[in-house]
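This report introduces a structure to a reader who has not met it before. It considers contacts, cores, cysteines and strands in turn.

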Amino acid sequence: MDLLTDAAWFSAGDLDALRSLGSRRTLAAGSTLFTEGDEPFDVAIVERGDIKLVTVATNGQEVVLDVAGSGEVIGELSALDGAPRSATAEALTDCVLTSVPVDRFLGYLREHPASMGALLSVVVARLRQANRRQLEFSTADAIGRVCARLDELAGRYGVADANGAVTIDLPINQSELAQWCGLSREAVVKSLRKLRNLGWVATTDGRLIVLDRQELCRRGQM
């Protein structure tokens with residue numbers, strides 16, 4: 001997966017230094033930043049907006065691997081090993097990016113070994129997460145998968161109100177949620193209907209609202 005899901009390994013100074021090595025660009029919602037199989041030419045810092053990373057399974061089904069938001073870095077794996085892009089990056093919203101050429105990114109890491117070591121720790125953490133998700137896909141039912149993704153989305157993009165309800169501030173539709181869960185759209189629709197009936201989630205103005213995150217978390221771990 002060509003995404004660094006946690007850019008906390010970069011200090012504010014690191015990010016500013018990398019920005020100085022690159023250039024700003026905009027990407028309209030629905031546009032493609034790069035395509036799976038492309039040769040790597042840059043690493044991108046997401047300054048504003050959200051980008052989904054998708055791949056195509058052997059059966060032709062599109063699978064959402066992750067979503068990158070503000071402050072996150074895309075494209076570092078291909079930069080490190082020189083292999084073609086392992087996913088396609090598409091803008092969910094209008095985005096502002098800083099594009100850093102691969103040679104400058106690698107040069108920065110060579111000059112800052114602490115950042116390289118921290119990057120390795122993040123990559124290992126992401127591999128552990130991928131292993132957990134593989135186990136989830138092998139053992140969890142449809143509702144469990146949907147609950148796990150909604151709990152994750154609430155943690156990363158949730159905005160809580162005074163009553164504890166959490167609005168997921170990310171424009172993701174049911175088809176994209178299905179791709180992220182490794183399910184059909186029909187299975188996700190049925191699962192969301194049941195979760196609404198249970199009073200755990202609600203929908204309004206196209207947004208998902210988590211009403212009982214504790215129950216979502218519990219069900220997602222079953």
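Leaving aside residues up to four places away in sequence, D151 touches R213, L216 and C217. The model in which these contacts are found is a predicted one. D151 belongs to helix α5, and its relative accessible area of 16% classes it as buried, because the limit for that class is under 20%.

**Nonpolar cores**

Helix α5 also contributes to the largest nonpolar core, which has 29 residues. Among the residues with the most contacts inside this core are V146, L150, L153 and L216; I168, L170 and L195 belong to the same group. Two or more residues come from each of β6 (62-68), α5 (142-157), β11 (166-168), α6 (174-181), α7 (185-198) and β13 (207-210). The greatest contribution is that of α5, with seven residues. A second core, separate from this one, has 14 residues, including L27, A44, I74 and A89. In soluble globular proteins, nonpolar side chains tend to be buried together.

L170 illustrates the contacts made by one residue of the largest core. When neighbours within four places in sequence are set aside, L170 is in contact with D50, V67, L92, L153, Y157 and R207.

**Cysteines**

A disulfide is a covalent bond between the sulfur atoms of two cysteines. The number of disulfides in the model is zero. For C217, the nearest cysteine sulfur is that of C147, at 9.7 Å, and C217 is in no disulfide; a disulfide would require the two sulfur atoms to be within 2.5 Å.

The table sets out the accessibility of three residues discussed in this report.

| Residue | Relative accessible area | Class |
|---|---|---|
| C95 | 3% | buried |
| D151 | 16% | buried |
| C217 | 26% | partly exposed |

**The open sheet**

Strands of a sheet pair through backbone hydrogen bonds, either parallel or antiparallel. Here four strands form an open sheet in the order β3-β8-β5-β6, with antiparallel pairing. Its edge strands, β3 (32-34) and β6, each pair on one side only. From one strand to the next, the twist averages 30°.

Between strand β5 (residues 51-56) and β6 there are six bridges, in the antiparallel sense. Within this part of the sheet, V54 stands opposite V64 in β6. Helix α6 lies across β5 and β6 and runs at about 95° to β6. Both α6 and β6 are among the elements that give two or more residues to the largest core.

Terms used
Residues numbered from 1 in each chain as written. Predicted model: local features only at pLDDT ≥ 70, side-chain atom pairs only at ≥ 80, totals over all residues. Heavy atoms only, no water. Core = buried A, V, L, I, M, F, W, Y, C linked by side-chain atoms within 4.5 Å. Buried < 20%, exposed > 50% of the residue type's maximum accessible area, 1.4 Å probe, protein only. Contact = heavy atoms within 4.5 Å. Pairing = 2+ DSSP bridges. Axes fitted to C-alpha atoms, helices over the stretch in contact; angles between N-to-C directions.
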